[in-house]
Amino acid sequence: MTIKAYGAHAGDRPLEPLDITRRAPGPHDVQIAIAYCGVCHSDIHQVRSEWAGTRYPCVPGHEIVGRVAAVGAQVAGFAPGDLVGVGCIVDSCRHCADCGAGLENYCDHMVGTYNGPTPDAPGHTLGGYAQQIVVHERYVLRIRHPAAQLAAVAPLLCAGITTYSPLRHWKVGPGHRVGVVGIGGLGHMGIKLARAMGAHVVAFTTSPSKREAARALGAHEVVVSRQPEEMAAHAQSLDFILNTVAAPHDLDAFFALLTRDGTMTLVGAPATPHPSPQVFGLIMKRRSLAGSMIGGIPETQEMLDFCAQHGIVADVEMIRAEQINEAYERMLKGDVHYRFVIDSASLAA
Ligand code: NAP
Ligand code: ZN
Ligand code: ZN
């Protein structure tokens with residue numbers, strides 16, 4: 001089937017309308033009519049080949065929501081009309097220890113929703129800036145939010161799980177003091193989720209204009225990280241820091257805010273390295289620096305259900321597909337409140 005999509009032919013070219021093909025659903029496939037797709041900063045890194053290895057044409061998008069259009073003969077768990085989502089993963093080896101543990105995100109053969117290897121044309125996966133997608137049922141998520149919230153659910157498929165998974169892994173909850181650094185797509189979800197898990201949440205932003213909004217998102221305190229005196233007021237006070245910043249910056253300034261035995265986990269994935277750390281910031285208080293990548297399929301379903309129960313969705317700004325290049329420029333300036341979501345209906349025009 002040929003459908004309309006938006007993508008780029010090279011890393012230095014803007015995104016433009018493309019016609020792409022999807023495979024006919026196999027016995028275990030779910031064909032999804034995409035309603036909305038969130039715009040992740042990873043889309044910018046990859047479509048511009050900032051992480052190297054991008055294959056073209058590149059159709060980004062891994063925060064996909066929509067309705068099931070058709071299912072293969074063996075699919076039992078989904079039926080046409082169901083509200084579903086697809087995140088960053090569309091395949092994995094299904095038999096390694098990581099897949100067995102439901103941590104497909106750490107499988108050595110994980111296939112990303114775009115730019116991953118596939119026998120389908122053109123030889124690499126094409127993502128959610130498109131009208132339809134066909135995905136094996138194992139990697140399809142069920143959405144239990146009201147249908148009216150569907151657009152605001154889309155960002156949970158990457159921004160939601162990427163922040164939920166480390167907050168759970170490092171056991172954030174009541175009595176914890178948690179810092180969330182960078183208030184963009186990931187960071188704003190980190191604030192909402194850490195708050196819902198019962199932590200005391202301190203948001204760190206480079207944008208003074210986001211101070212009030214961060215409180216509205218659920219932060220108990222907001223710090224403008226470029227103000228040294230504001231940073232100093234939080235020295236040695238945080239048990240855990242979730243760092244979502246998409247650009248290289250001084251990590252040492254944040255180690256100083258951790259308690260003894262505190263951990264800072266990086267989820268932001270800048271194209272070039274951070275200028276730090278100096279080891280003493282870690283050694284002196286037995287602090288840890290860690291990383292985390294999205295989350296597995298079972299935990300993604302757990303996160304979606306947690307959000308449905310707690311009434312959590314993203315704060316979104318809806319765009320038409322042809323506004324995507326402008327949206328990227330705004331994201332690079334930190335001007336995002338707090339996730340752009342493409343209305344897939346605009347692709348038909
Ligand atoms: P985003 O919406 O663009 O937000 C990033 C935020 O970082 C900005 O809004 C800004 O917040 C802050 N920031 C501070 N200095 C910046 C600078 N010089 N340039 C850009 N941002 C700066 O991005 P996102 O979608 O949340 O993604 C954040 C990062 O996480 C990206 O690198 C992305 O590739 C990565 N990511 C990783 C995973 C994973 O599995 N680990 C998953 C998804 C995304 P303030 O205005 O508040 O300072
Ligand atoms: Zn993402
Ligand atoms: Zn595997």
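What is the volume of the largest cavity? In this predicted model, the largest cavity has a volume of about 70 Å³, and the structure holds one cavity of 30 Å³ or more. Its walls can be read directly from the residue list: G87, C88, I89, Y139, L141, L157, I161, I294, G295, G296, I297 and T300 line the largest cavity. By residue class, the lining of this cavity comprises eight nonpolar and four polar residues, with no charged ones.

Open space was examined as well. The second largest pocket encloses about 340 Å³. Its lining is made up of 21 residues, and R23, T118, D120, T125 and V134 are those nearest the centre of the pocket. Two elements, β6 (89-91) and β8 (132-136), each give two or more residues to this lining. Of these, β8 contributes the most, with four residues. The lining of the second largest pocket splits into nine nonpolar, six polar and six charged residues, whereas the lining of the largest cavity has no charged residue.

Attention now turns to the metal sites. For the zinc ion (ligand 3), the protein donors are the SG atoms of C93, C96, C99 and C107, at 2.3 to 2.4 Å from the ion. Along the chain these donors follow the spacing C-x2-C-x2-C-x7-C. The angles among the four donor atoms run from 102 to 116 degrees, and the site of this zinc ion is tetrahedral. For reference, four tetrahedral donors ideally make angles of 109.5 degrees at a metal. Both C93 and C99 are buried.

The zinc ion (ligand 2) is coordinated by C40 through SG, H62 through NE2 and C158 through SG, with distances of 2.0 to 2.2 Å. The spacing of these donors along the chain reads C-x21-H-x95-C. C40 sits in the loop between β3 (29-38) and α1 (41-47), while H62 sits in the loop between α1 and β4 (64-71), so this pair ties together parts that are 22 residues apart in sequence. Burial was also computed for these two donors. C40 has a relative accessible area of 3% and is buried; H62, at 7%, also counts as buried, because the cut-off for a buried residue is under 20%.

Helix α5 (residues 185-196) offers a convenient check on geometry. With twelve residues at 1.5 Å a residue, this helix should span 16 Å, and the 17 Å between its end C-alpha atoms agrees with that expectation. The expected span is 1.5 Å times one less than the number of residues, which is why the count of twelve is not multiplied directly. As for its surroundings, ten of the twelve residues of α5 are buried, so the helix is largely enclosed by the rest of the structure. The buried residues of α5 are G185, L186, G187, H188, M189, G190, I191, K192, L193 and A194. Just after the helix, G198 adopts a positive phi of about 100 degrees.

Finally, some backbone details deserve a look from anyone preparing the coordinates for further calculation. Most peptide bonds are trans, and most residues other than glycine have a negative phi. Against that background, the peptide bond from Y56 to P57 is cis, with omega near 0 degrees; P57 is placed in the loop between α1 and β4. Another cis peptide bond links H337 and Y338, with omega of about -10 degrees, and Y338 lies in the loop between α11 (324-332) and β17 (339-343).

Positive phi values also occur in residues other than glycine. S49 has a phi of about 55 degrees and is located in the loop between α1 and β4. With a relative accessible area of 27%, S49 is partly exposed. R286 has a positive phi near 50 degrees, and its place is the loop between α9 (280-283) and β15 (288-291). R286 counts as exposed, at 58% relative accessibility. The loop between α1 and β4 thus recurs in this account: H62, P57 and S49 are among its residues.

Definitions and conventions. Residues are numbered from 1 along each chain as its sequence is written. Chains are lettered from A and ligands numbered from 1 in the order in which they are written. This is a predicted model: local features need pLDDT of at least 70, side-chain atom pairs count only at pLDDT 80 or more; totals for chains, interfaces and linings use all residues. Side-chain values use heavy atoms; hydrogens and water are left out. Donors are N, O and S atoms within 2.8 Å of the metal (3.2 Å for Na, K and Ca); water is not among the atoms, so sites may look incomplete. Buried means under 20% relative accessible area, exposed over 50%, partly exposed in between (1.4 Å probe, protein chains only). Four donors count as tetrahedral if all angles lie between 85 and 135 degrees; four count as square planar and six as octahedral if opposite donors are over 155 degrees apart and all others between 65 and 115; anything else is irregular. On a 1 Å grid over the protein atoms alone, a cavity is a set of points where a 1.4 Å probe fits but cannot get out, and a pocket is an open set with protein on both sides within 12 Å along at least five of seven lines; lining residues have an atom within 4 Å of a point. Grid points are joined across faces, edges and corners, and a volume is the space filled by probe spheres set on the points. Ala, Val, Leu, Ile, Met, Phe, Trp, Tyr, Cys and Pro count as nonpolar, Asp, Glu, Lys and Arg as charged, and the others, Gly among them, as polar.
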